[in-house]
Amino acid sequence: GWNYYRQLGNWSTTGSDVPVEAQDIATATRVSAGERHTCALLTTGHVECRGDNSTWQLGVGEQNIPEVEGHPAPTEVQGISTATQVTAGDRHTCALVASGHIECWGRNTWGELGIGSTSPVPVPTEVMYIG
């Protein structure tokens, strides 16, 4: 796929039409790819993401520096240690944690994070439950 933001995990920015091995990650049990980033659920319950972070979708609390073409190394998402599933969206990411709650982070222009506002969220934040 496209690799401009280094989301394939092979330390380059060259796209590929065949599978490439992601580097520096050995204990992934699940993986999810968004438009510009990729995240992996590790056996430890932690989540690591790489690629574009211009809308905080890596969950590290900061944005990319504009001149940088993504994070090539897996970057641990802040505050997630009991994830059981992860899903990467267009420019946001969510994880289901062991408690049954859902944590999301990233762009939130249309309220896609489910937190009751449209403000972007740089780190995992629990989705609101209305029931």
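Where along the chain is Trp56 found? Select Trp56 in this predicted model, and you will find the residue in the loop between strand 3 and strand 4. While Trp56 is on screen, check its backbone, for the residue has a positive phi of about 65 degrees although it is not a glycine.

**The first sheet**

From that loop, move to the strands on either side by selecting strands 1 to 4, which form an open sheet in the order 1-2-3-4 with antiparallel pairing. Strand 1 and strand 4 are the edge strands of this sheet, each of them pairing on one side only. On average, and with direction ignored, neighbouring strands here are turned by 20 degrees against each other.

Next, colour strand 1 and strand 2 and follow the ladder between them, where the two pair in the antiparallel sense over 5 bridges. The two strands form a hairpin with 3 residues between them, and if you label Ala28 you will see that this residue stands opposite Leu42 in strand 2.

Keep strand 2 selected and add strand 3, since this pair is also antiparallel, over 5 bridges. Strand 2 and strand 3 form a hairpin with 4 residues between them, and in its turn Gly45 has a positive phi of about 90 degrees. Two cross-strand partners can be labelled here: Leu41 has Val47 of strand 3 as its bridge partner, and Cys39 stands opposite Cys49, again in strand 3.

Now show the side chains of strand 2 alone. Is this strand mostly covered or mostly open? Strand 2 is mostly covered, with 6 of its 6 residues buried. Viewed along the strand, His37, Cys39 and Leu41 point one way, while Thr38, Ala40 and Leu42 point the other way, and the residues of both sets are buried.

**The largest pocket**

With strand 2 still in view, turn on a surface or pocket display and look for the largest pocket, which encloses about 280 Å³ of space. To centre the view, select Leu8, Ala22, Ile25, Val31 and Thr38, the closest to the pocket centre of the 16 residues that line it. Strand 1, strand 2 and strand 3 each supply at least two residues of this lining. If you colour the lining by residue class, you should count 12 nonpolar, 2 polar and 2 charged residues.

Before leaving this part of the chain, step back to Arg6, in the segment before strand 1. Like Trp56, Arg6 repays a look at the backbone: its phi is near 65 degrees, a positive value in a residue other than glycine. Arg6 counts as partly exposed, at 22% relative accessibility.

**Salt bridges**

Side chains of opposite charge can pair when their charged atoms come close. The structure holds 4 salt bridges, and a convenient one to select next is that between Arg36 and Asp52, whose closest N and O atoms are 3.7 Å apart. This pair links distant parts of the chain, with Arg36 in the loop between strand 1 (28–33) and strand 2 (37–42), Asp52 in the loop between strand 3 (47–51) and strand 4 (71–76), and 16 residues from one to the other. Are the two partners buried or exposed? Arg36 is buried, with a relative accessible area of 17%, and Asp52 also counts as buried, at 2% relative accessibility.

For the next stop, select Asp90 together with Arg107, whose side chains meet in a salt bridge at 2.8 Å, N to O. Asp90 lies in the loop between strand 5 (83–88) and strand 6 (92–97) and Arg107 in the loop between strand 7 (102–106) and strand 8 (121–126), so the pair ties together parts that are 17 residues apart in sequence. Arg107 counts as buried, at 15% relative accessibility, whereas Asp90 is partly exposed, with a relative accessible area of 31%.

Hold Asp90 in the selection and add Arg91, with which Asp90 forms a salt bridge whose closest N and O atoms are 3.9 Å apart. Arg91 is buried, its relative accessible area being 17%. To end the tour, show Asp90, Arg91, Arg107 and Glu112 together, for salt bridges that share partners join these residues into one network.

Conventions. Residues numbered from 1 in each chain as written. Predicted model: local features only at pLDDT ≥ 70, side-chain atom pairs only at ≥ 80, totals over all residues. Heavy atoms only, no water. Buried < 20%, exposed > 50% of the residue type's maximum accessible area, 1.4 Å probe, protein only. Pairing = 2+ DSSP bridges. Axes fitted to C-alpha atoms, helices over the stretch in contact; angles between N-to-C directions. 1 Å grid on protein atoms, 1.4 Å probe; cavity = no way out; pocket = protein on both sides within 12 Å on 5 of 7 lines; lining within 4 Å. Points joined across faces, edges and corners; volume = space filled by probe spheres on them. Nonpolar A, V, L, I, M, F, W, Y, C, P; charged D, E, K, R; others polar.
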